[in-house]
Amino acid sequence: MDRLWTPWRYAYITGEKRKQRQGVPTELNGYPEDHRSVFLNMIGSVQWAIREGVMPATQAEKAAGVLLQAEHNFICLNAFPYTSGHVMVVPYQHLDSLAKLPSDAATEMMSLAQRMETALRATYRPDGINLGMNLGEAAGAGVAEHLHLHVLPRWFGDSNFMTATAETRVLPESLSVTWERLRGALGLPIA
């Protein structure tokens, strides 16, 4: 019998509560705030680490899986990806609806999605790209209180039996490798 070792999925599958504040990586545990929001804690801890000189910007961004910080949005890796290269474009504003997002932030979100499409195509050579938002828990939003746009590469045949029968996704690379590959594709420093 083959075994597929996926320890990073345990908390997600079991719904286990983390002792760590949601969104704050272990490396940035000194972050003094808790916004009770995975995305606000994620970007807040990165910006705090950079501002306070806790660690270099690229190291802080890598710890949190943040690929890029723009004016109104940031791009981060999905901690529980559907495929390798699954990212999210997230506004800094804590909003639960696309209709509430100011037009300059929405315009930037689409521009960043275009940039990610280019980077994903160059890096992974997918057969297609999914872009989508799940607005509200009933629509499938894992983080319903904070709007975000999923951008992920897709391949013919990537929907295998593992997802349907074992609620497991098979990913060929770690999030750390994904971060490095996509940062490089975006033309941003890795170290």
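**Exercise 1. Decide whether Tyr-124 is buried or exposed in this predicted model, then describe its ring neighbours.**

*Step 1.* Start with accessibility. Tyr-124 has a relative accessibility of 11%. The cut-off for buried is under 20%, so Tyr-124 counts as buried.

*Step 2.* Now look for aromatic partners. Searching the whole structure turns up three aromatic pairs. One of them joins Tyr-124 to Trp-155, with 6.4 Å from centre to centre and 80 degrees between the planes. Planes over 60 degrees apart count as edge-to-face, so that's the label for this pair.

*Step 3.* Check where the two partners sit. Tyr-124 belongs to helix α4 (residues 103–124), while Trp-155 is in the loop between β5 (149–154) and α5 (161–166). They are 31 residues apart, so the pair links distant parts of the chain. Trp-155 has a relative accessible area of 27%, which makes it partly exposed.

*Step 4.* Don't forget the face of the ring. Arg-181 lies over the face of Tyr-124, 4.6 Å from the ring centre.

**Exercise 2. Work out the strand order of the open sheet and find which strands stand at its edges.**

*Step 1.* Write down the order. The five strands go β1-β2-β3-β5-β4, and the pairing is antiparallel.

*Step 2.* Look at the two ends of that list. β1 (66–69) and β4 (128–132) each have a single partner strand, so one side of each has no neighbour in the sheet.

*Step 3.* Add the twist. Ignoring direction, neighbouring strands here are turned by 15 degrees against each other on average.

*Step 4.* See which helices pack on the strands. Helix α4 touches β1, β2 (73–77), β3, β4 and β5, and its direction makes about 20 degrees with that of β5. Helix α6 (residues 175–185) lies across β1, β2 and β3, at about 35 degrees to β1.

**Exercise 3. Zoom in on β3: which residues point which way, and how does β3 pair with β2 and β5?**

*Step 1.* Recall the general pattern: side chains in a regular strand alternate between the two faces of the sheet.

*Step 2.* Apply that to β3. Val-87, Val-89 and Pro-91 point one way, and Met-88 and Val-90 point the other way.

*Step 3.* Ask how covered the strand is. Five of the five residues in β3 are buried.

*Step 4.* Count the bridges. β3 (residues 87–91) is joined to β5 by three bridges, and to β2 by five, in the antiparallel sense. Met-88 is a handy landmark: its bridge partner in β5 is His-150, and Met-88 is also the bridge partner of Cys-76.

**Exercise 4. Compare the surroundings of the salt bridges Glu-61 to Arg-183 and Asp-34 to Arg-36.**

*Step 1.* Remember the idea: side chains of opposite charge can pair when their charged atoms come close. The structure holds seven salt bridges.

*Step 2.* Take Glu-61 and Arg-183, whose closest N and O atoms are 2.7 Å apart. Glu-61 is in helix α3 (residues 57–64) and Arg-183 in helix α6, 122 residues apart. Glu-61 is buried at 8% relative accessibility, and Arg-183 is buried at 3%.

*Step 3.* Now take Asp-34 and Arg-36, which meet at 3.7 Å, N to O. Asp-34 is partly exposed at 37%, and Arg-36 is exposed at 72%.

*Step 4.* Put them side by side: Glu-61 and Arg-183 are both buried, whereas Asp-34 is partly exposed and Arg-36 exposed.

How values were computed
Residues numbered from 1 in each chain as written. Predicted model: local features only at pLDDT ≥ 70, side-chain atom pairs only at ≥ 80, totals over all residues. Heavy atoms only, no water. Phe/Tyr/Trp six-rings, centres within 6.5 Å; stacked < 30°, edge-to-face > 60°. Helix = DSSP H or I, 4+ residues; strand = E, 2+ residues; numbered from the N terminus. Buried < 20%, exposed > 50% of the residue type's maximum accessible area, 1.4 Å probe, protein only. Lys NZ or Arg CZ within 6 Å of the ring centre and 35° of its normal. Pairing = 2+ DSSP bridges. Axes fitted to C-alpha atoms, helices over the stretch in contact; angles between N-to-C directions. Contact = heavy atoms within 4.5 Å. Salt bridge = Lys/Arg side-chain N within 4 Å of Asp/Glu carboxyl O.
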